[in-house]
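Reader: I am new to this structure and would love a close look at a single part of it. Could you take me through one sheet and what surrounds it, step by step?

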Amino acid sequence: MTAPTTPPSDAVDRTAEVSRHTAETKIRVRVNLDGTGQARLASGIGFFDHMLDQIARHGLIDLDVQCDGDLHIDGHHTVEDVGITLGQAVARAVGDKKGIRRYGHAYVPLDEALSRVVVDFSGRPGLHMDVKFTSGMVGGFDTQLAFEFFQGFVNHAGATLHIDNLKGVNAHHQCETIFKAFARAVRAALERDPRSAGVIPSTKGSL
Ligand SMILES: [Mn+2]
């Protein structure tokens, strides 16, 4: 028997780098889906970096996000475009989706706040977000932009995402539980299932 020269697609490195330049933002994102949660973040919005850090830490994704955006206008383009670029990077890193679990969900509390996130890497973009933030701004972050971030992500990662904030008084807590639950759900969905090595988790045969 000769050793196989190419590893099966569910054993390869799941890393990607995507650069995206427009008149509004210049972004570079690097991801390693099988990382340890190390993050290097410079979006220009402190609270947004804090949220991206949750994705890295709780998703066990190594994440490098560098963004030079038009913050003299507001944070909209920066947050939306980081979501788009992260979605593109995740899609590229996950490849043909062989051997992944596909679905993931998580409930995450933080003191009085509680959120639930359910994700399906279905190949079909969809965002269903039921969140009523108790404040418009958290630090320099407009809470309306959480929706824009996740919309950008699902459109380019090809994922269906249901986000519900079930309880919460403090908007920092509400937002943090959403990003932590997102990270945990994504981790569960993208982890390799040893019982499904080499298998695309769909009766259709593709995702
Ligand atoms: Mn916090």
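Author: Happy to. Let us begin with an open sheet of four strands, whose order is β5-β6-β10-β7 and whose pairing is mixed. The edges are taken by β5 and β7 (126-130); each has a single partner strand, so one side of each is left without a neighbour in the sheet. Direction ignored, neighbouring strands here are turned by 10° against each other on average. Please keep in mind as we go that this is a predicted model.

Now look inside the sheet. Strand β6 (residues 113-120) and β10 run antiparallel and are joined by seven bridges. To find your place in this pair, look for Asp120, which stands opposite Thr160 in β10.

Two helices pack on this sheet. Helix α3 (residues 145-157) touches β7 and β10, and its direction makes about 160° with that of β7. The other helix, α4, touches β5, β6 and β10, and its direction makes about 150° with that of β5.

A good residue to stop at is Asn165, which is found in strand β10 (residues 160-167). Is Asn165 buried or exposed? Its relative accessible area is 14%, and because buried means under 20%, Asn165 counts as buried. What does it touch? Not counting residues up to four places away in sequence, Asn165 touches Leu114, Ser115, Asp130, Val131, Gln174, Thr177 and Ile178. One of these, Gln174, also makes a polar contact with Asn165, side chain to side chain, at 3.0 Å.

Let us follow helix α4 itself. It has 20 residues and reaches 28 Å from its first C-alpha to its last, close to the 28 Å expected at 1.5 Å a residue. The helix is mostly covered, with 16 of its 20 residues buried. At its N-terminal end you will find a cap: a side-chain oxygen of Asn170 lies 2.9 Å from the backbone nitrogen of His172.

His172 brings us to the metal. Which residues are the protein donors of the manganese ion? They are His50 through NE2, His172 through NE2 and Glu176 through OE, lying 2.0 to 2.3 Å from the ion. Along the chain, the donors follow the spacing H-x121-H-x3-E. Distant parts of the chain are linked here, with His50 in helix α1 (residues 46-59) and His172 in helix α4 (residues 171-190), 122 residues apart. How accessible are these two histidines? His50 counts as partly exposed, at 29% relative accessibility. His172 is likewise partly exposed, at 29%.

From His50 you can step along to a loop. Leu60 has its place in the loop between α1 and β4 (62-69). Its phi is near 50°, a positive value in a residue other than glycine. With a relative accessible area of 28%, Leu60 is partly exposed.

A second loop residue makes a helpful companion on the way back to our sheet. Lys97 is found in the loop between α2 (76-94) and β5 (103-110), and β5 is one of the edge strands we started with. The phi of Lys97 is near 70°, again a positive value in a residue other than glycine. Unlike a partly exposed residue, Lys97 is buried, with a relative accessible area of 7%.

Helix α2, on the other side of that loop, has a residue of its own to visit. His77 is found in this helix and is buried, with a relative accessible area of 18%. Leaving aside its neighbours within four places in sequence, His77 is in contact with Glu24, Thr25 and Asp70. With Glu24 there is also a polar contact between the two side chains, at 3.5 Å.

Those contacts lead to the final stop, a pair of strands. Strand β1 (residues 15-21) and strand β2 (residues 25-32) run antiparallel, joined by seven bridges. A hairpin of three residues connects β1 to β2. Within this pair, Glu17 stands opposite Arg30 in β2.

To retrace the route, start again at the four-stranded sheet with its order β5-β6-β10-β7, move onto α4, which packs on it, and follow His172 to the manganese ion.

Definitions and conventions. Residues are numbered from 1 along each chain as its sequence is written. This is a predicted model: local features need pLDDT of at least 70, side-chain atom pairs count only at pLDDT 80 or more; totals for chains, interfaces and linings use all residues. Side-chain values use heavy atoms; hydrogens and water are left out. Buried means under 20% relative accessible area, exposed over 50%, partly exposed in between (1.4 Å probe, protein chains only). A polar contact is a pair of N or O atoms within 3.5 Å; within protein, one must be able to donate a hydrogen and the other to accept it, and residues adjacent in sequence count only if both atoms are side-chain atoms. Contact means heavy atoms within 4.5 Å. Two strands pair if DSSP finds at least two bridges between them. Donors are N, O and S atoms within 2.8 Å of the metal (3.2 Å for Na, K and Ca); water is not among the atoms, so sites may look incomplete. Axes are lines fitted to C-alpha atoms, for helices over the stretch in contact, and angles run from 0 to 180 degrees between N-to-C directions. The expected span of a helix is 1.5 Å times one less than its number of residues.
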